[in-house]
Amino acid sequence: MRVNWNYIKMFIICIIVIGLFAFSNEKNDERRVSNIEILFEGEGNLFVTHETVSKLLIQNQGSVKNVPKETLDLNLLESALNSNPMIKEAQVFVSVDGNLTAKIEQKKPIARVQNSQPFYIDEEGSYMPLSTNYTARVPIVTGQVERDNLRTVYKMAQKITRDDFLKKHVIQIHQYKDNHLSLRLRQVDFEVYVGDLKNLDKKINNLKAFYKKATKDKILNNYSKVNLQFDSQVVCSKS
């Protein structure tokens, strides 16, 4: 009977490779976390600090430094970070050489509700607490605003964020009991009454046309109220 040495060689090589792989995995799991790196994505303004992130990691896992990689529950660490109301998304991973990295994407505020318990409205229309570390320059929201009913104000804040003219000039959104809105602009005294959000794009275009002409004629300060709720015209009340 002839022995096929090629098959035997291949079998031995496979055994060796599997053994080396298992040994490498075991050594990798035993490797201890040597360094913790916290990276903030996006804008440089930090609503949540490196210290806060570090505390969240420690509170839910104990000390993460100098512990074996295999003992870390990365899903638990990510859940702990994502539970922070200032964090939009967190990713935690460990490199081959034992470096633990936490990538943090913060929520982005687009308006600030000014009531007995102030808070931000983020870019997805959700609640976001104020930060002692940084204050965002966003329009102030006043009036009848409830934390669990931000839909109307959020849509107006979204429009302001995406429109260069509004982003430059609007400093305040006011909501009435009927959910109608008015705006306050920078460097003028009049109120801009928007009403409901029907035909909002047309109303804003009417406002831009009025503002441009009134600026040219130097009569912006002659008015106390500018009403946009009529389709084809801007109705102004004089001071």
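## Strands and their partners

In strand E10, the residue that bridges to leucine 181 is glycine 195. That pair belongs to an antiparallel match between E10 and strand E9 (residues 181–185), held by four bridges. Keep in mind that this is a predicted model. Let's look at E10 and its neighbours, then move to another group of strands, E1, E2 and E3.

**Around E10**

- E10 covers residues 191–195, and five of its five residues are buried.
- Which residues sit on each face of E10? Glu191, Tyr193 and Gly195 are on one side, with Val192 and Val194 on the other, and all of them are buried.
- E9 and E10 make a hairpin with five residues between the strands, and glutamine 187 has a positive phi near 70° there.
- E10 also has a parallel partner, strand E11 (residues 223–227), through three bridges.
- In that pairing, tyrosine 193 lies opposite asparagine 227 of E11.
- Put helix H6 (residues 200–217) together with E10 and E11, and you get a β-α-β unit that is left-handed.

**Around E3**

- How many bridges link strand E1 (residues 35–41) with strand E3 (residues 99–106)? There are seven, and the two strands run parallel.
- One residue to find here is glutamate 37, whose bridge partner in E3 is threonine 101.
- Strand E2 (residues 87–94) is joined to E3 by seven bridges too, but this pair is antiparallel.
- Glutamate 89 faces glutamate 105 of E3.
- E2 and E3 form a hairpin with four residues between them, and glycine 98 in the turn shows a positive phi of about 95°.

Methods: Residues numbered from 1 in each chain as written. Predicted model: local features only at pLDDT ≥ 70, side-chain atom pairs only at ≥ 80, totals over all residues. Heavy atoms only, no water. Pairing = 2+ DSSP bridges. Buried < 20%, exposed > 50% of the residue type's maximum accessible area, 1.4 Å probe, protein only. Right-handed = clockwise from strand over helix to strand, strands pointing away.
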